[in-house]
Amino acid sequence: MKFAIITHAVHKSKNQKWYAYEPYVREMNLWLQNVSETRIVAPISKEEISAIEVVYNFNNVTLKEIPVFDVLSLKTKILSIFKIPYILIQIIKACFWADHIHLRCPGNVGLLGCFVQILFPSKPKTVKYAGNWDPKSKQPVSYRIQKWIVSNTFLTKNCKVLVYGEWEHQSKNIVPFFTASYVNKEIIDVPEKDFSSKINFIFVGAFTSGKQPLLSVKVIEKLLTKNIAAKLDMYGYGVEFLKVKEYVEQNNLSENVILHGNQSKEVVKKAFQKAHFLIFISKSEGWPKVVAEAMFWGCLPISSKVSCVESMLGNGTRGTIVESDVKANEIVTVIENYINDKNRYQKQVLYAKKWSQQYTLEKFSSEIKKYF
């Protein structure tokens, strides 16, 4: 089977192999187990491969480079006028070539792919919508257009759209789905965590305004003023990294807030195993993998009410759900309540671990096979 992937994920080349963002490649390697040949339409970067990028496991992967584009400014809008026709041609060529078309949405490339796939009604298609599918959420116009096209069974035929969470009043081609990070053999007994000494917190994600990394730092700062021994390990990088670093240094928090930057999956896994709590107050998510990963290792999430988080956390039985505009003081109160009720903490950790460990890569792989 010839499999075409249309994606905005940036790829890099080394030793004639292709690398990209680890969670994306980890998933795509499972899809590629079911195909004989793969063609990817995606942008390419010549930058060095980072700690959070890995290689495809298969050799029969070719990549057709397309330029990066956006419409965020007048200049980029003008440039896009010249880039988009070329991108559309490459997507159309890949769709003609393929036996199965796979779109990665939401994204600018995914948006173009949504329009092109209409021209191929008889070809089998899958769409992985990795963003927030909640119909009530506020989203960019381009995201709403993508959701409308792929859920419209007149425009989008012979297609399954894999979305995070279960939502009412959906078209018949919408399939609730999940993602996974670990294999069955990785499941181990993590020692029970108590509050007898320092309480360990973790943040994992992009340092952007949408992920609110500084909020996690301010929680630690307020805990310390209450003489609660706390340490925060932060993993990730982004435009707000220097802002967070400056705040940590200016407020003498360097011993209690450690900025690790981007690290490998294995390093972050070990950090989850040591942490009591994940603080992840994101404004927009699809399936927040860091929440599921934290739960897998008995690290209890305190997370915002976006996308399918409420369902993941069992409506508050597997962690605490807060609003995305929550204040640091409110999160401190949540933590104090857990400290004062250790049985509730341990019970929720157990529920969280049991729920998350259902979703292994083996289960994920078996579910993917159903869509070929």
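# Pocket, cores and backbone angles

Reader: What makes the lining of the second largest pocket nonpolar, polar or charged, and how many residues fall in each class?
Author: That lining has 8 nonpolar, 2 polar and 1 charged residues. Ala, Val, Leu, Ile, Met, Phe, Trp, Tyr, Cys and Pro count as nonpolar, Asp, Glu, Lys and Arg as charged, and the others, Gly among them, as polar. Glu-166 is in the lining, so it goes down as charged, while Gly-165 and Ser-311 go down as polar.
One caveat: this is a predicted model, where local features need pLDDT of at least 70 and side-chain atom pairs count only at pLDDT 80 or more, while totals for chains, interfaces and linings use all residues. Also, residues are numbered from 1 along each chain as its sequence is written, and side-chain values use heavy atoms, leaving out hydrogens and water.

Reader: Why is it called a pocket, and how much space lies in it?
Author: On a 1 Å grid over the protein atoms alone, a pocket is an open set of points with protein on both sides within 12 Å along at least five of seven lines, and lining residues have an atom within 4 Å of a point. About 220 Å³ of space lies in this one. That volume is the space filled by probe spheres set on the points, which are joined across faces, edges and corners.

Reader: Which elements each supply at least two residues of that lining?
Author: β10 (174–177) and α9 (309–312) do. Strands (E, at least two residues) and helices (H or I, at least four) are DSSP runs, numbered from the N terminus.

Reader: What makes the largest nonpolar core a core, and which members touch the most others?
Author: The term means a set of buried Ala, Val, Leu, Ile, Met, Phe, Trp, Tyr and Cys residues joined through side-chain atoms within 4.5 Å. Here there are 92 residues, and Phe-201, Val-217, Phe-272 and Phe-277 touch the most other members. Helix α10 (residues 328–339) gives the most, with 7 residues. Apart from this core lies another, of 28 residues, among them Ile-6 and Phe-69.

Reader: How do you know that Gln-16 is exposed?
Author: Exposed means over 50% relative accessible area (buried is under 20%, partly exposed in between; 1.4 Å probe, protein chains only). Gln-16 has 79%, so it is exposed. Asn-15, at 65%, is therefore exposed too.

Reader: What makes the phi of Asn-15 and Gln-16 stand out?
Author: Most residues other than glycine have a negative phi. Phi is near 50° for Asn-15 and near 65° for Gln-16.

Technical notes. 1 Å grid on protein atoms, 1.4 Å probe; cavity = no way out; pocket = protein on both sides within 12 Å on 5 of 7 lines; lining within 4 Å.
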